[in-house]
Amino acid sequence: MMPRSTALFALLLCAAIAPLRAQPVSFDQYLCRVAAPAGWQRADVGSPPAGASLLALQSPSGKSRLALVVIEVQRTLTLDDPAFVDGLRESIMGKLRGVSCTFGTLAGVKSLQCSGASPEDQSVSMRMTAVVANGHGYVLTAVGPASEITGAEATEFFNSFSFIGPPAEHQSAGTDESGRPIASSQNDAPIGTIFLKYLLPLLLVVGLGYVISAISARNEKRRQQESGNHPS
């Protein structure tokens, strides 16, 4: 049995470590920070997709993943542009079922908030919040069982996002009668090119969450089968 003094020291050590894990992680080059929930660990996702900076976290259960992706966005694109919003939603949430989106605020900036479920497994859900400022799009995602990604820890992750210094708002060049953004100059890239270059990599990031959930479910099923084949 562990001596009382050793057990007390271990408890104090855990108490000291837990707040450190919840300390904000700063990305000075992107003028933002976010805090990892206590108990969530950094997930190894290899090299970030081209054009994207990535922080990924895995839940203690191993079934859920949180991520912050920062991508370059030209300053004429804003969440007031219907075509940009539609493209953003389609790029990230397009393959999900029951997608619903609303506008809100995050860190004092207008945000797009969406949720949906995996088409293969309704028990796997995803939520996303995106804001645009400082020449970048900041996208926070959570993928996993609904009970985990809508719980207090995932919500804490989303709410912990903040800017380092006052965020520089984007200025829309306006929209035409069909709701399409009007380019501010002939040198601006077509909006489709913007999505292909910067938003498409997010699909790979989101897919990692599905892979983790699928692997966890398959391992659990395998353990149950093995238990059934080995009666006590």
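Two strands are taken as paired when DSSP finds at least two bridges between them. With that in hand, welcome to a tour of this predicted model, view by view.

**View 1. The whole chain, with five helices and 10 strands.**
The protein has 232 residues, and buried residues make up 40% of them. Its accessible surface comes to about 12700 Å², and 55% of that belongs to carbon and sulfur atoms. Among contacts with a separation of 6 or more, 54% are between residues 24 or more positions apart.

**View 2. The open sheet of seven strands.**
Follow the strands across and you will read the order 3-4-5-9-8-7-6, with antiparallel pairing. Strand 3 (41–42) and strand 6 (97–106) each have a single partner strand, so one side of each has no neighbour in the sheet. Strands of a sheet pair through backbone hydrogen bonds, in either the parallel or the antiparallel sense.

**View 3. The hairpin of strand 6 and strand 7.**
Strand 7 covers residues 109–117 and pairs with strand 6 over eight bridges, in the antiparallel sense. Look for Ser-100, which stands opposite Ser-115 of strand 7. At another point along the pair, Leu-106 stands opposite Val-109. Two residues lie between the strands of this hairpin, and Ala-107 takes a positive phi near 55°. The view also takes in a charge and a ring: the charged end of Lys-110 sits over the ring of Phe-103, at 4.4 Å from its centre.

**View 4. Strand 7 meets strand 8.**
Six residues make the link in the hairpin that joins strand 7 to strand 8. The two strands pair in the antiparallel sense over seven bridges. One pair to pick out is Gln-113 with its bridge partner in strand 8, Thr-129.

**View 5. A close look at Ala-117.**
Ala-117 belongs to strand 7. Is Ala-117 buried or exposed? The cut-off for buried is under 20% relative accessible area, and Ala-117, at 11% relative accessibility, therefore counts as buried. Leaving out residues up to four places away in sequence, Ala-117 touches Leu-96, Arg-97, Gln-122, Val-124 and Ser-125. Gly-98 is 19 residues from Ala-117 in sequence, and their C-alpha atoms are 6.4 Å apart.

**View 6. The open sheet of three strands.**
Here the order is 1-2-10, and the pairing is antiparallel. Strand 1 and strand 10 are the edge strands, each pairing on one side only. Strand 1 is joined to strand 2 by four bridges, and Val-25 has Val-34 of strand 2 as its bridge partner. These two strands form a hairpin with four residues between them, where Leu-31 in the turn has a positive phi of about 55°. On the other flank, two bridges hold the antiparallel pair of strand 2 and strand 10 (residues 162–163). In that pair, Arg-33 is matched with Ser-162.

**View 7. The largest nonpolar core, with 24 residues.**
Nonpolar side chains tend to be buried together in soluble globular proteins. Among the residues with the most contacts inside this core are Val-34, Leu-68, Leu-140 and Phe-157. The elements that give two or more residues to the core include strand 1 (24–27), strand 2 (32–35), strand 5 (65–72) and helix 4 (152–159). Apart from this core lies another, of 23 residues, including Ala-67, Ile-71, Val-124 and Met-126. Zoom in on Leu-66, also listed with the most contacts inside the largest core: beyond residues up to four places away in sequence, its contacts include Trp-40, Leu-55, Leu-57, Ala-154 and Phe-157.

**View 8. Rings and a charge.**
How many aromatic pairs does the structure hold? There are four. Phe-161 and Phe-163 form one that is edge-to-face, with centres 5.2 Å apart and planes at 80°. Both of these Phe residues are buried. Ring pairs also bring in Tyr-138, which joins Phe-161 and Phe-163 in a cluster. Tyr-138 and Phe-161 are themselves listed among the residues with the most contacts inside the largest nonpolar core. Elsewhere, Arg-127 lies over the face of Phe-158, 4.2 Å from the ring centre.

Conventions. Residues are numbered from 1 along each chain as its sequence is written. This is a predicted model: local features need pLDDT of at least 70, side-chain atom pairs count only at pLDDT 80 or more; totals for chains, interfaces and linings use all residues. Side-chain values use heavy atoms; hydrogens and water are left out. Rings of Phe, Tyr and Trp (its six-membered ring) pair if their centres lie within 6.5 Å; planes under 30 degrees apart count as stacked, over 60 as edge-to-face and the rest as tilted. Buried means under 20% relative accessible area, exposed over 50%, partly exposed in between (1.4 Å probe, protein chains only). A charge sits over a ring if NZ of Lys or CZ of Arg is within 6 Å of the ring centre and within 35 degrees of the ring normal. A nonpolar core is a set of buried Ala, Val, Leu, Ile, Met, Phe, Trp, Tyr and Cys residues joined through side-chain atoms within 4.5 Å. Contact means heavy atoms within 4.5 Å. Accessible areas come from the Shrake-Rupley method with a 1.4 Å probe; for residues, only the protein chains shown count as cover.
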